[in-house]
Amino acid sequence: MEKTYSENRKRRVSKRRYPPKECKKPDCKESFIPHDSRQEYCCEQHRIDYNNDLRKERHKELNEFNSKLLNNEAILKKMYLATQRVKRTTINISLFEYEGFDFYCCSKQDVNVETKQSIYWCLNFGIEGKDSQGQTFIIHKKDNYEFTNKNVDNK
Ligand SMILES: [Zn+2]
């Protein structure tokens, strides 16, 4: 019984014909006859290679994001210290552009309970818009900001 079943199964599998496919690995693209409808690569090695390439690309993107975030934080820190020195709080957008600040990169978003404006944090420093045209900003330092908010909560 069992033998017949396995023989039948074998025959069924071998009878099956799938149309040729192109290997999913971009630099191969070789045409092959799949032995299973889910087969996407011409060989096992190309499946492994392609997944390794995807992983490498992912790490590259994460590293780029990390560098941008660290660069943003360094810019904010520098500006924060400068505003402390000259006792001015707002900074014009042109200075951020000059420093190469990336407005699309932040690690966290908060809402300032006092002003109801968003704060975009780059690790320990955050930026908050000061006017509706998005031309001027203030910079927050995390420890100071959390300290201020704790005081607000305790009232
Ligand atoms: Zn291939």
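**Why the labels fit: a chat about strands and a core**

Visitor: Which residues does Gly129 touch, leaving out those up to four places away in sequence?

Guide: Gly129 touches Gln117, Gly134 and Phe137. Being in contact means that the C-beta atoms, placed from the backbone, lie within 7 Å. By the way, this is a predicted model, where local features need pLDDT of at least 70, side-chain atom pairs count only at pLDDT 80 or more, and totals for chains, interfaces and linings use all residues. Residues are numbered from 1 along each chain as its sequence is written.

Visitor: Why is Gly129 called partly exposed?

Guide: Count the neighbours: Gly129 has 17 other C-beta atoms within 10 Å. A residue is buried with 20 or more of those and exposed with 12 or fewer, so anything in between is partly exposed. That is why Gly129 gets the middle label.

Visitor: And what makes Leu81 exposed?

Guide: Leu81 has 11 C-beta neighbours inside 10 Å, so it falls on the exposed side of the cut-off. Leu81 lies in helix α2; helices are DSSP runs of H or I with at least four residues, strands are E runs with at least two, and both are numbered from the N terminus. Leu81 and Lys141 are 60 residues apart in sequence, yet 9.9 Å apart in space, C-alpha to C-alpha.

Visitor: How do you know that β5 and β6 pair?

Guide: Pairing takes at least two bridges found by DSSP. Strand β5 (residues 118-122) and strand β6 (residues 125-129) have four, so they pair, in the antiparallel sense. Cys122 stands opposite Phe125 there. The two strands form a hairpin with two residues between them, and Leu123 in the turn has a positive phi of about 60°.

Visitor: What joins β6 to β7?

Guide: Five bridges, and these strands run antiparallel. Here Gly129 of β6 stands opposite Phe137 in β7. This hairpin has six residues between its strands, with Gly134 in the turn at a positive phi of about 70°.

Visitor: What makes a set of residues a nonpolar core?

Guide: The members must be buried Ala, Val, Leu, Ile, Met, Phe, Trp, Tyr or Cys residues, joined through C-beta atoms within 7 Å. The largest such core has 15 residues, and those with the most contacts inside it include Leu76, Phe125 and Ile139. Helix α2 (44-86), β5, β6 and β7 each supply at least two of its residues. Leaving aside neighbours within four places in sequence, Ile139 is in contact with several residues, among them Leu76, Met79, Tyr80 and Ile127.

Key. Contact = placed C-beta atoms within 7 Å.
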